[in-house]
Amino acid sequence: MKANKEVTGNLYHPPKSIVRKANVKDYDSMYKRSVEDREGFWADEAKKLKWYKKWTQVLDDSNKPFYKWFTGGKINIVANAIDRHLETHRRNKVAMIWEGEPGDVKVMSYHALNREVSKFANVLKSMGVKKGEIVTIYMPQIPELPIAMLACAKIGAMHSVVYGGFSVEALAGRIADANSRVLITADGGWRRGKITDLKSIANEAMDRSPTIEVCITVKRTGQEVHMENDRDFWYHDLQSLPIASSKCKTEVMDAEDPLFILFTSGTTGKPKGLVHTHGGYSVYTSTTHRYVFDIKDEDRWWCAADPGWITGHSYLVYGPLINGSTIILYEGAPNHPYPNRWWSMIEKYGITILYTSPTAIRGLMRFGEQWPKRHDLSSLRLLGSVGEPINPEAWRWYHEVIGNSECPIMDTWWQTETGGMMIAPLPITPLKPGSATKPLFGVEVGIVDEDGKEVKPGEEGKLVIKAPWPGMARTVFGDPDRYVETYWKEYEKQGWYKAGDSARIDEDGYIWIIGRIDDVIKVSGYRLGTAEVESALVSHPDVSEAAAIALPHEVKGNAIHTYVILKAGVTGDKKLEEDLRKHVSEEMGPIARPDSVTFAESLPKTRSGKIMRRVLKARALGMDEGDLSTLED
Ligand code: WT7
């Protein structure tokens with residue numbers, strides 16, 4: 001066996017060529033330093049960025065759990081993601097390679113990216129966008145999406161990106177929560193050879209959103225769309241006005257000034273908008289990206305997530321641009337027109353690192369290895385996985401077929417709330433398929449029982465983070481109590497952050513994430529709340545009550561199964577079942593479409609009226625229903 005394909009026991013050792021060039025050679029000593037001198041470690045990382053004014057305090061923990069980082073410091077994430085590169089050779093470096101689904105391509109240098117961003121920043125200013133206001137962005141995966149994000153950040157406005165796969169209800173709700181006056185969207189986008197109806201959905205959402213005054217639309221597909229006088233403007237019209245000058249001053253922000261909110265699903269009620277900042281988030285995303293993926297100047301980095309999710313925010317847009325990387329953005333479906341689309345792009349652009357989800361891997365694996373085998377994938381040196389546990393079968397296929405057994409897989413655990421990766425290997429770490437391995441620098445993890453006692457190796461426990469880190473979400477937008485309640489209440493005494501996942505640690509100290517322990521469902525790596533699916537069902541005129549649960553699915557990881565009590569006089573049949581699935585899809589978006597709808601007479605509830613989803617789940621899986629003492633009847 002070749003040295004670089006070495007497997008001992010269950011450990012996959014990194015190839016010598018990777019180890020030789022790795023930026024970090026000794027994880028243990030660096031980790032030790034990072035937790036023993038946390039503030040010193042983060043100060044050293046922060047010094048690698050451009051600050052208008054240095055911080056006076058690295059960590060301010062005077063008002064726990066509302067931690068502050070780099071207080072007194074002045075910075076703007078765009079000063080780091082764009083401005084500082086313009087003073088170096090990177091000015092001429094490719095910042096972004098974008099490929100549309102129909103095959104059109106755009107390549108932009110850092111110089112060109114700066115021009116587009118600055119012009120659009122001036123446009124936003126001319127629309128009266130002010131520092132601190134929240135602009136909602138609802139777009140397909142086109143260059144104008146990161147451009148819009150960066151333009152907001154540049155002038156100190158916050159962005160709230162709503163995933164382009166969401167629908168009317170989800171968009172309207174998020175616009176209302178953010179109180180947005182300005183919406184940026186597109187006429188449509190390309191997906192599986194078809195045009196999506198983004199502008200119509202945006203129009204419908206705006207009908208329910210009295211706060212919106214201005215809507216800017218990028219012309220992507222050229223389809224006929226309805227534009228309202230005085231409200232609707234075309235992006236390209238505005239970008240060619242004299243007001244859209246390519247000179248625009250980057251706003252000087254406090255380190256703790258908010259950069260964006262991003263809505264994510266929680267256990268109960270409406271999705272919550274998590275708040276991330278200019279300072280800590282810049283430091284955290286760039287540091288983790290640089291160490292975990294061992295970033296070199298010559299890399300071509302492809303994070304295949306949608307910019308509308310945290311993975312896209314942190315590792316498609318901000319982290320890599322701060323590190324001066326060349327990023328890849330692709331508009332459409334991985335299997336369009338054929339299942340070799342991704343592999344042909346890796347060959348065509350000489351991509352060196354691919355970061356994607358287990359669902360995408362499983363989906364492409366189904367088509368067979370003849371598709372990747374037709375392409376030269378030898379430019380790849382590292383692979384990444386994120387969003388859900390990766391099953392060993394998919395891990396091995398990714399490793400052997402895509403990585404030619406020569407590319408270590410960085411299985412990275414983190415959350416919208418954490419801002420960046422928390423548990424992940426480095427390229428030098430011996431790997432175990434399915435384990436995210438060990439905590440990153442400055443991250444202290446515990447796997448504990450209800451009382452906060454560490455569980456024994458091999459036992460399941462709750463995942464907690466025991467100390468603050470710069471990338472942490474600062475609060476839930478407009479609802480600080482909910483922030484405390486959701487994440488900090490359970491281990492208040494210890495001052496730990498509760499992740500909402502269960503996990504195990506093995507004898508070697510490797511961490512294995514099991515999955516959510518709350519009512520969050522991960523479908524294809526996307527995060528949805530049972531509460532949102534249920535509320536979409538109940539918004540149908542025939543439905544009186546609903547419950548949603550997750551059951552295992554071969555490709556998607558989880559599938560949504562629902563139970564519905566109909567209103568009196570309505571009978572459930574195949575057609576209504578189909579109508580209800582469609583209804584959820586239209587209200588929330590296709591990813592939330594339930595796999596099944598079962599009509600029920602009653603739902604298992606506690607005496608206080610809470611639906612016992614675990615009972616439904618146990619029944620569906622034919623498993624023991626567990627403790628039923630709190631069941632109502
Ligand atoms: C939840 C967070 C991380 C950015 C994208 C998802 C699950 C995430 C892993 C992994 C096992 C994972 C967890 C977590 N998760 N990464 N490598 N192995 N599970 O962010 O949408 O906020 O979801 O995704 O359950 O809590 P998110």
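Four bridges join strand β20 (residues 353-356) to strand β21, and the two run parallel. The model is predicted, so local features need pLDDT of at least 70 and side-chain atom pairs count only at pLDDT 80 or more, while totals for chains, interfaces and linings use all residues. Residues are numbered from 1 along each chain as its sequence is written, and side-chain values use heavy atoms, with hydrogens and water left out. Strands (E, at least two residues) and helices (H or I, at least four) are DSSP runs, numbered from the N terminus. Two strands pair if DSSP finds at least two bridges between them.

Within the pairing of β20 and β21, Y355 has G384 of β21 as its bridge partner. Strand β21 also pairs with β22, through four bridges and in parallel. Here S385 is partnered by D411 of β22. The chain passes from β21 through helix α15 (residues 392-402) to β22, in a right-handed β-α-β crossover. Right-handed means that, with the strands pointing away from the viewer, the path from the first strand over the helix to the second runs clockwise.

Strand β21 (residues 382-386) is largely enclosed by the rest of the structure, because five of its five residues are buried. Buried means under 20% relative accessible area, exposed over 50%, and partly exposed in between (1.4 Å probe, protein chains only). In a regular strand the side chains alternate between the two faces of the sheet. In β21, L382, G384 and V386 point one way, and L383 and S385 point the other way. All of these residues are buried.

Strand β19 (residues 326-330) gives a further case of enclosure: five of its five residues are buried, so the rest of the structure largely encloses it. T326, I328 and Y330 lie on one side. I327 and L329 lie on the other, and both faces are covered. Strand β6 (residues 94-99) runs parallel to β19 and is joined to it by four bridges. I97 stands opposite I328 of β19. Strand β18 (residues 300-303) is also parallel to β19, with two bridges between them. W301 has I327 of β19 as its bridge partner. From β18 the chain crosses through helix α11 (residues 310-322) to β19, and this β-α-β crossover is right-handed.

The ligand has 17 residues around it. D411, T412, T416, D501 and R527 come nearest. A residue is near a molecule if one of its heavy atoms lies within 4 Å of it. Three polar contacts (pairs of N or O atoms within 3.5 Å; within protein, one must be able to donate a hydrogen and the other to accept it, and residues adjacent in sequence count only if both atoms are side-chain atoms) are described next. A polar side-chain atom of R516 lies 2.8 Å from an oxygen atom of the ligand. For K522, a polar side-chain atom is likewise 2.8 Å from a ligand oxygen. An N or O atom in the side chain of R527 is 2.7 Å from an oxygen atom of the ligand.

Aromatic pairs number 36 in the structure. Y483 and W488 form a tilted pair, with 6.3 Å centre to centre and 55 degrees between the planes. Rings of Phe, Tyr and Trp (its six-membered ring) pair if their centres lie within 6.5 Å; planes under 30 degrees apart count as stacked, over 60 as edge-to-face and the rest as tilted. Y483 is buried at 2% relative accessible area, and W488 is buried at 6%. Ring pairs also link Y27, Y31, F41, W42, Y284, Y291 and F441 into a cluster. One of these, Y291, has R290 over its face, at 5.4 Å from the ring centre. R174 lies over the face of F166, at 4.6 Å from the ring centre. A charge sits over a ring if NZ of Lys or CZ of Arg is within 6 Å of the ring centre and within 35 degrees of the ring normal.

Backbone features appear in several loops. A cis peptide bond joins K64 and P65, with omega about 0 degrees. P65 lies in the loop between β3 (57-60) and β4 (68-71). Another cis peptide bond joins H336 and P337, with omega about -5 degrees. P337 lies in the loop between β19 and α12 (341-349). T437 is not a glycine, yet has a positive phi of about 65 degrees. The loop between β22 (409-412) and β23 (445-448) holds T437, which is buried at 0% relative accessibility.
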